[in-house]
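Reader: I am a first-year student. Pick one small spot in this structure and show it to me closely. Then lead me from there to the rest.

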Amino acid sequence: ASANSSVSASSASPSSGTSPSREPSNGDEIIQIGAARIVNNRLLRQEVFDQLVDPECPLKPESIPIHGITEDMVRGQPNIDLVLPAFHEFCEDTVLLAHNAAFDMRFLQLKEDRTGIRFTQPVLDTLLLSAVVHPNQESHKLDVILERLGVHIESRHNALGDALATAEVFLKMVPLLEEMGIVTVRQALEASEKTYFARVKY
């Protein structure tokens, strides 16, 4: 599908109840999933997925100031067995979009055995795409990219805020990618895979 045609993307961001280092393979758990929908290069802010998740274990105190989610907020919320199927349905027939997608997808992969839910659709990563359009820039952190592209976001460091920020960044990148002859999802994936940052594993 062309970047100008009817591409539906879900910009997704799980938050974890973790230490600042955030390690999916080290027992850190998803405590919030946020996503927004992009259709025909338009961010549909009314079509969002925003759900707290009970991790069924104590939150790490040092992570609370980062994401602002407390024990009281997640207690009694649905657990991942209920949230992941609903999120999977929200993302059905879309291309997934995330910032540092390898990190977020690792969290979801670690829940495959427990939930039976697999995300098999293409995944575009704004971190890698930033390295494609701005190869000489030192940093491709989301905050830095937002500033570089002149995008202002009200709320960050919660899952939905990060998803909306990622979506806005992607929409700013689309014309820059088109200038480079990158107009399809396949071309964007191929260009992303050639970047240095594509080698990072979690």
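Author: Start with a single polar contact. The side chain of T195 reaches the backbone oxygen of S192 at 2.7 Å. Keep in mind that this is a predicted model. Where does T195 sit? T195 belongs to the segment after helix 9. Is T195 buried or exposed? Its relative accessible area is 11%. The cut-off for buried is under 20%, so T195 counts as buried.

Now look at the partners of T195 from elsewhere in the chain. Neighbours within four places in sequence are set aside here. T195 is then in contact with L128, A131 and V132. Find those numbers on helix 6, which runs over residues 126–133.

How far can you trust this region? Helix 6 has the highest confidence in the protein, at a mean pLDDT of 97. Strand 1, residues 8–16, has the lowest, at a mean of 69. Over residues 1–7 the pLDDT is below 50. That stretch still has 17 contacts in the model beyond near neighbours in sequence. For the protein the mean pLDDT is 87, and 88% of the residues reach 70 or more.

Next, go inward from helix 6. The largest nonpolar core has 29 residues. Which of them touch the most other members? They are L124 and F170. Several elements each give this core at least two residues: strand 2, strand 4, helix 6, helix 7, helix 8 and helix 9. Helix 8 gives the largest share, ten residues. Helix 8 covers residues 159–179. A second, separate core has 19 residues, including I30, V83, C91 and F103.

Take F170 itself. Leave out residues up to four places away in sequence, and F170 touches I38, L97, L124, T126 and L129. I38 takes us to strand 2, which covers residues 30–39.

Strand 2 deserves a pause. Nine of its ten residues are buried, so the rest of the structure largely encloses it. Its pairing partner is strand 3, residues 42–52. The two strands run antiparallel and share eight bridges. Within this pairing, Q32 stands opposite L52 of strand 3.

What lies between the two strands? They form a hairpin with two residues between them. N40 sits in that loop, and so does N41. Check the backbone there. N40 has a positive phi of about 50°, yet N40 is not a glycine. N41 is not a glycine either, and its phi is positive too, at about 60°. Both residues are partly exposed. N40 has a relative accessible area of 42%, and N41 has one of 31%.

Follow strand 3 to F49, and the rings come into view. By the pairing rule there are five aromatic pairs. One of them joins F49 and F90. Their ring centres are 5.9 Å apart and their planes meet at 50°, so the pair is tilted. F49 lies in strand 3 and F90 in helix 3, so the pair ties together parts that are 41 residues apart in sequence. Both F49 and F90 are buried.

A further pair is made by F87 and F119. Here the ring centres lie 5.5 Å apart and the planes are at 45°, so this pair is tilted as well. F87 is in helix 3, while F119 is in the loop between helix 5 and strand 5. They are 32 residues apart, and the pair links distant parts of the chain. Both are buried too: F87 has 1% relative accessibility, and F119 has 11%. Put the four rings together. F49, F87, F90 and F119 form one aromatic cluster.

Last, step back to the whole chain. The protein has nine helices and five strands. Along the sequence they follow the pattern β-β-β-α-α-α-β-α-α-β-α-α-α-α. Of its 202 residues, 50% are buried. How much of the contact map is long-range? Take the contacts with a separation of 6 or more: residues 24 or more positions apart account for 69% of them. The spot where we began fits that picture of distant partners, with T195 in contact with L128, A131 and V132.

Methods: Residues are numbered from 1 along each chain as its sequence is written. This is a predicted model: local features need pLDDT of at least 70, side-chain atom pairs count only at pLDDT 80 or more; totals for chains, interfaces and linings use all residues. Side-chain values use heavy atoms; hydrogens and water are left out. Helices (H or I, at least four residues) and strands (E, at least two) are DSSP runs, numbered from the N terminus. Buried means under 20% relative accessible area, exposed over 50%, partly exposed in between (1.4 Å probe, protein chains only). pLDDT is the predictor's confidence in each residue, from 0 to 100. Contact means heavy atoms within 4.5 Å. Two strands pair if DSSP finds at least two bridges between them. A nonpolar core is a set of buried Ala, Val, Leu, Ile, Met, Phe, Trp, Tyr and Cys residues joined through side-chain atoms within 4.5 Å. A polar contact is a pair of N or O atoms within 3.5 Å; within protein, one must be able to donate a hydrogen and the other to accept it, and residues adjacent in sequence count only if both atoms are side-chain atoms. Rings of Phe, Tyr and Trp (its six-membered ring) pair if their centres lie within 6.5 Å; planes under 30 degrees apart count as stacked, over 60 as edge-to-face and the rest as tilted.
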